[in-house]
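Here are my notes on the model you sent over. I've kept them as numbered points so you can follow along in your viewer.

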Protein chains: 2
Amino acid sequence: MSDGPTIYCAEPLQVYLDDAAANKPAPGGGSVSACAGALGAALVSMVCNLTRGREKFAGVEQQIVSLVGESEAARGRLEQLLQEDTTAYNGVITAYKMPKETAEEQAARSQAVQDGLIIAADVPLEICRVAVEVCRLAKVAAGLGNPQAVTDAGIGAILGEAAVVGAALNVRINLGSIKDEAYVTRAAAEIDEILTEAAALRAETLEITLAKL
Amino acid sequence: MSDGPTIYCAEPLQVYLDDAAANKPAPGGGSVSACAGALGAALVSMVCNLTRGREKFAGVEQQIVSLVGESEAARGRLEQLLQEDTTAYNGVITAYKMPKETAEEQAARSQAVQDGLIIAADVPLEICRVAVEVCRLAKVAAGLGNPQAVTDAGIGAILGEAAVVGAALNVRINLGSIKDEAYVTRAAAEIDEILTEAAALRAETLEITLAKL
């Protein structure tokens, strides 16, 4: 058995689900949120792939080809983040184990903890950014794509929004321990903005979807 | 290469994501919704597994042991439904290919299409039922579980609700073609009730989670 990290996309889906349920912190809610976002991006790609190359939808062919490029890029990035989040907190754990006898050691440990916390917040923040992009793409797919697959575009937006809200919780829990006030203010404002946009996009995409059922 | 159906939980996560994105109808939004629900159930189990057997949480040990039994049962059922949904529409497709020359053939074909549509609606309806149960369990986990894992309970509720809303879209699209009015009325009323409960549980669980950050 190898000592290297488990590369979850290469493992059976059952292993990812079992490890998420297990008595260990990773993969946790951040990684699972990225996975939900990747599933949403996959559905946007599916809508495009069930639309492109069909004479009936020739009028939107160029837009659909461009859209699937963007949804596949978002999916690839979320697949990476699904993995990155499983190790994002390692730096914090390592830092907490540093010696803290002398004032110098205490200062070095405190700085390492803070650096680790910023990485642990940056990963779910990036998940939020890419997942709201999935919502944007899902809304376009619901409007332009093959109407027989419109529920898949709707579900793409639902999962994109779920990924945003889930990952935002993990940003927030880390912000609570970060002392760099400028970072905290900037990150909190950014997630609020993304949460608002994602909620609106979910509602708009569901409206488009329901109108086509 | 085998001609049997792909058993997605046994395949690499990457295969499930790639097949969801591909130019074929399955796995589509229904299966992916079940997967999101299973991921949410896994997080509820993780919260329980990070709580049970710890002296600090001895007061809730019995409730947590019972809760993880329920979340693992819900996860197992959603893992089955993730698979079942990939073939749920096959009966409809097969029925549409039946001969329709004579009046007798037309009647038999029409009956087979209707029977197939009811199966295709029943699978996502069952996903809705199990996914709202994930939301109920996530709310309990957020209240009783290890507060260090509270965001995972919150994300469990978010994914449970996303699975409900996603699968409900696939119930609705099939109801549109089902002629059995009693079935349509009953199923539509049930998904409305489940959607309302899931939305409330997501909001309540997020409130509990944010209060503990």
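1. Start with Gln83(B), whose side chain reaches the backbone oxygen of Thr6(B) at 2.8 Å. Keep in mind that this is a predicted model, so treat that distance as a computed one. Gln83(B) sits in helix α3 of chain B, which covers residues 61–84.

2. What else does Gln83(B) touch, leaving aside its neighbours within four places in sequence? The contacts are Thr6(B), Ile7(B) and Tyr8(B). As for exposure, Gln83(B) has a relative accessible area of 17%, and because the cut-off for buried is under 20%, Gln83(B) counts as buried.

3. Now have a look at the loop between α1 and α2 of chain A, where you'll find Pro27(A). The peptide bond joining Ala26(A) to Pro27(A) is cis, with omega at about -5 degrees. If you're scrolling through the backbone, pause there.

4. On to the two chains together. Contact between them involves 56 residues of chain A and 56 residues of chain B. Between them, chain A and chain B bury about 4,300 Å², and 71% of that is on carbon and sulfur atoms.

5. How many salt bridges cross the interface of chain A and chain B? The rule finds four. A salt bridge you can pull up right away is the one between the side chains of Asp18(A) and Arg75(B), at 2.8 Å from N to O. Polar contacts between chain A and chain B come to 18 residue pairs, counting those with both residues at pLDDT 80 or more.

6. Which helices of chain A supply at least two residues each to the side that touches chain B? They are α1 (13–21), α2 (29–49), α3 (61–84), α6 (150–175) and α7 (181–212). The most comes from α6(A), which gives 14 residues to that side of chain A. Sorted by type, the residues on the side of chain A that touches chain B are 32 nonpolar, 13 polar and eleven charged.

7. Last, the symmetry. A turn of 180 degrees with a shift of 0.0 Å along the axis lays chain A on chain B, with an RMSD of 0.0 Å. The two copies are therefore related as by a two-fold rotation axis. Both copies use the same surface, too: 100% of the contact residues of chain A recur in chain B.

How values were computed. Residues numbered from 1 in each chain as written. Chains lettered and ligands numbered in written order. Predicted model: local features only at pLDDT ≥ 70, side-chain atom pairs only at ≥ 80, totals over all residues. Heavy atoms only, no water. Contact = heavy atoms within 4.5 Å. Buried area = accessible area lost by both parts, 1.4 Å probe. Polar contact = N/O pair within 3.5 Å; in protein donor to acceptor, adjacent residues only side chain to side chain. Helix = DSSP H or I, 4+ residues; strand = E, 2+ residues; numbered from the N terminus. Nonpolar A, V, L, I, M, F, W, Y, C, P; charged D, E, K, R; others polar. Least-squares fit on C-alpha atoms with pLDDT ≥ 70 in both. Buried < 20%, exposed > 50% of the residue type's maximum accessible area, 1.4 Å probe, protein only.
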